[in-house]
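Okay, everyone, thanks for coming. I'd like to walk you through one sheet and the helices that sit on it. Have a look at this first.

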Amino acid sequence: MKNFNFRSFWSLFWALPVAVVLGGCASGVKLDEPAPVTDTIAKPVDANKTGLVTPTPSKQAASAAKGDSVATRDVTSVNTPPTPQPISPPQGTVKVVLFDYDSFVIRPEFQSAIEAHAKYLKANTTRKVALEGHTDERGGREYNLALGQRRAEAVASALRLLGVQDAQTEAVSFGKEKPAATGADESVWAKNRRAELFYK
């Protein structure tokens with residue numbers, strides 16, 4: 001058995017800590033500072049560009065791409081003017097104008113209703129109104145179609161005189177084909193002599 005050399009042991013004992021210290025200084029890592037936080041998401045290498053790393057989108061980026069709201073995102077608010085809401089058709093205003101027998105003259109009691117419809121149409125120039133003219137059952141089919149057309153056109157003319165555009169009105173006649181009430185007396189006929197307004 002060889003003699004144990006204490007001098008070699010002590011040289012080795014002191015050389016080891018010196019090598020550790022020198023190695024730590026050469027790494028550039030400060031041991032008294034906390035370790036930096038690293039991104040745990042894997043970053044695959046782009047096969048087309050060797051050496052470049054393409055970051056994988058995070059959950060927040062994927063959520064933002066889908067249009068989801070992300071609380072941590074900085075968003076600059078943009079003030080946009082509110083979209084004007086269309087005015088509702090005149091509420092509580094009659095949409096039926098009644099006529100006397102064999103007449104297409106608008107009766108005075110319906111003038112305020114026509115004015116209300118004209119006001120609405122002037123405020124909403126994209127809206128249109130269909131005016132349907134009707135008659136009672138008396139008379140021939142051709143005559144009643146013509147009379148119904150005159151009644152619808154009478155309402156259309158009254159609206160245009162109040163400032164409604166021509167393109168907003170459309171007059172059509174149904175004659176006696178679409179009665180509002182059935183029967184064979186004056187109370188029923190009076191309901192069928194009419195022009196009706198239908199908004200589009």
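Quick bit of vocabulary before we start: two strands count as paired here if DSSP finds at least two bridges between them. And keep in mind that this is a predicted model.

So, S1 and strand S4, which covers residues 194-199: they're joined by three bridges and run antiparallel. If you want one to click on, Val96 has Glu196 in S4 as its bridge partner.

Now zoom out to the whole sheet. It's open, with four strands in the order S1-S4-S2-S3, and the pairing is mixed. S1 (96-98) and S3 (169-175) are at the edges with a single partner strand each, so each has one side without a neighbour in the sheet. From one strand to the next, the twist averages 20 degrees.

Next, the helices. H3, residues 111-123, lies across S1, S2 (129-134) and S4, at about 25 degrees to S4. Then there's H4, residues 141-161, packing on the sheet and touching S1, S2, S3 and S4; its direction makes about 155 degrees with that of S3.

Let's stay with H3 for a sanity check. With 13 residues at 1.5 Å a residue, H3 should span 18 Å, and its end C-alpha atoms are 19 Å apart, which agrees.

Which residues of H3 are buried? Ala113, Ile114, His117, Ala118, Tyr120 and Leu121. They cover an arc of only 165 degrees around the axis, so they're on the same side of H3. Flip to the other side and you'll find Ser112 and Lys119 exposed. And what covers the buried residues of H3? The cover includes S1, S2, H4 and S4.

Definitions and conventions. Residues are numbered from 1 along each chain as its sequence is written. This is a predicted model: local features need pLDDT of at least 70, side-chain atom pairs count only at pLDDT 80 or more; totals for chains, interfaces and linings use all residues. Side-chain values use heavy atoms; hydrogens and water are left out. Helices (H or I, at least four residues) and strands (E, at least two) are DSSP runs, numbered from the N terminus. Axes are lines fitted to C-alpha atoms, for helices over the stretch in contact, and angles run from 0 to 180 degrees between N-to-C directions. Contact means heavy atoms within 4.5 Å. The expected span of a helix is 1.5 Å times one less than its number of residues. Buried means under 20% relative accessible area, exposed over 50%, partly exposed in between (1.4 Å probe, protein chains only). The arc is that of the directions from the helix axis to the C-beta atoms.
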